[in-house]
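This report describes one protein model, for a reader who has not seen it before. It begins with a single residue, then turns to the whole chain, the sheet and the metal sites.

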Amino acid sequence: MQMSLRYDLHSHSLASDGTLSPTRLVERAGGAGIDVLALTDHDTLEGVGEAVCAASRIGIRLIPGVEVSVSWGPQVIHVVGLGVDPEDKQLQEGLEGLREFRVWRAEEIGRRLEKAGIPHGFAGAKARSNGRLIGRTHFARFLVDEGYEPNVRKVFKHYLVRGKPGYVPGQWTRLEDAVAWILGAGGQAVIAHPARYPLNRGRLRRLLGEFVEAGGVGLEVVSGSHSRDDVFKMAAHARDLGLLASAGSDYHGPEDPWIELGRLPELPDGCIPVWRDWGSAPTEPTA
Ligand code: AMP
Ligand code: MN
Ligand code: MN
Ligand code: MN
């Protein structure tokens, strides 16, 4: 068995708000020297089948995954499911409900932008969504293309976050439900990019406590959006709470030069990797 495999357990494709097809994403991961890639699109498993095929063709391991949108009080939290069965009915139905909410929300974002003097937002976002789910990122790309802002980050800052004209508050799924769907589908539930939420230490601890209570097992200690300091802080939380540590870039495509597939620091000492018990090929049928 190979000694040190390279893992990237958080990535997006065209099935949600990434810009590469599942096949091109997997090929890029292979080119970057990744041995184990998880595809974790927002609220959909649609890209997983294609990604599994591409991965088996080029000889890397693909972990079927998903990033579930959760409302925890007023805060939106992302819960990654790793190693889920993409055929699981309860998970599929749960995600379908979230996608239905996204359709309404996208229309509402369009209406609000229109009131703010930006017409055709819904059509523009839809045209950029490849006929799949529409996220705020698709609106952001439309506004950049139309010259309202120079980049996606600025669109978020000025239009799409709380207090800005295109922000639509809403109810995603409950933390317990997201974890239950993932567990029911045979997966491991992991809190995505924990340092990114505007929660103080006490509130983060409360979130993690409720997450563990619900059956969650992992914390994304290493993330493309974490600073070095974040990584060490999150590693300490994982150790304190007995959570397994995950690592993922949250790659969305080559348009964002700050984040590249597999370009991740090692897990700090003392972390127990979420992949510890995966064996050599958890997603392949036993021959
Ligand atoms: P949604 O799930 O449609 O509300 O969109 C969430 C996605 O928007 C995240 O997964 C990121 O891809 C993107 N996003 C959120 N905040 C920002 C930001 N400040 N700058 C750029 N992209 C962002
Ligand atoms: Mn995204
Ligand atoms: Mn996320
Ligand atoms: Mn993500």
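Gly-124 is buried, because its relative accessibility is 7%; buried means under 20% relative accessible area, exposed over 50% and partly exposed in between, with a 1.4 Å probe and protein chains only. Gly-124 belongs to helix H4, residues 121-127. Helices (H or I, at least four residues) and strands (E, at least two) are DSSP runs, numbered from the N terminus. Between the C-alpha atoms of Gly-124 and Gly-110 there are 9.1 Å, and 14 residues set the two apart along the chain.

The model is a predicted one, in which local features need pLDDT of at least 70 and side-chain atom pairs count only at pLDDT 80 or more, while totals for chains, interfaces and linings use all residues. Residues are numbered from 1 along each chain as its sequence is written, chains are lettered from A and ligands numbered from 1 in the order in which they are written, and side-chain values use heavy atoms, with hydrogens and water left out.

## The protein as a whole

The protein contains nine helices and seven strands. Its radius of gyration is 18 Å, which agrees with the value near 19 Å for a compact globule of 287 residues; the radius is taken over C-alpha atoms, and the globule rule is 2.2 Å times the number of residues to the power 0.38. Along the principal axes, the C-alpha atoms fill a box of roughly 60 × 45 × 35 Å.

Of the 287 residues, 52% count as buried. The protein exposes about 13,300 Å², of which carbon and sulfur atoms supply 51%; these areas come from the Shrake-Rupley method with a 1.4 Å probe, and for residues only the protein chains shown count as cover. Among contacts with a separation of 6 or more, 74% are between residues 24 or more positions apart, where contact means heavy atoms within 4.5 Å.

## The sheet

Seven strands form an open sheet with mixed pairing, in the order S1-S2-S3-S4-S5-S6-S7. S1 and strand S7 (244-248) are the edge strands, each pairing on one side only. Two strands pair if DSSP finds at least two bridges between them. The table lists three of the pairings.

| Strands | Sense | Bridges | Bridge partners |
|---|---|---|---|
| S1 and S2 | parallel | two | Asp-8 and Leu-37 |
| S2 and S3 | parallel | four | Val-36 and Arg-61 |
| S3 and S4 | antiparallel | eight | Ser-71 and Val-76 |

S3 and S4 make a hairpin with two residues between them, and Gly-73 in the turn has a positive phi of about 60 degrees. How many residues of S3 are buried? Twelve of its twelve residues are buried. In a regular strand the side chains alternate between the two faces of the sheet. From S3, Arg-61, Ile-63, Gly-65, Glu-67, Ser-69 and Ser-71 point one way, while Leu-62, Pro-64, Val-66, Val-68, Val-70 and Trp-72 point the other way.

## The manganese ions

Which residues coordinate the manganese ion (ligand 3)? Glu-67 (OE), His-78 (ND1) and His-193 (NE2) do so, at 2.1 to 2.2 Å. Donors are N, O and S atoms within 2.8 Å of the metal (3.2 Å for Na, K and Ca), and sites may look incomplete because water is not among the atoms. The spacing of these donor residues in sequence is E-x10-H-x114-H. Glu-67 lies in strand S3 (residues 61-72) and His-78 in strand S4 (residues 75-82), eleven residues apart, and the pair links distant parts of the chain. Glu-67 counts as buried because its relative accessibility is 0%, and His-78 counts as buried at 15%.

The manganese ion (ligand 2) has as its protein donors Asp-17 (OD), Asp-17 (OD), His-42 (NE2) and His-252 (NE2), which lie 2.1 to 2.8 Å from the ion. Along the chain these donors follow the spacing D-x24-H-x209-H. Asp-17 is in the loop between strand S1 (7-8) and helix H1 (22-31), and His-42 is in the loop between S2 and helix H2 (48-58), so the pair ties together parts 25 residues apart in sequence. Asp-17 is buried, with a relative accessible area of 7%, and His-42 is buried as well, at 9%.

Why is the arrangement around the manganese ion (ligand 2) irregular? The six donor atoms subtend angles of 51 to 158 degrees, which makes the arrangement irregular. Four donors count as tetrahedral if all angles lie between 85 and 135 degrees; four count as square planar and six as octahedral if opposite donors are over 155 degrees apart and all others between 65 and 115; anything else is irregular. The manganese ion (ligand 2) and the manganese ion (ligand 3) are separated by 5.6 Å.
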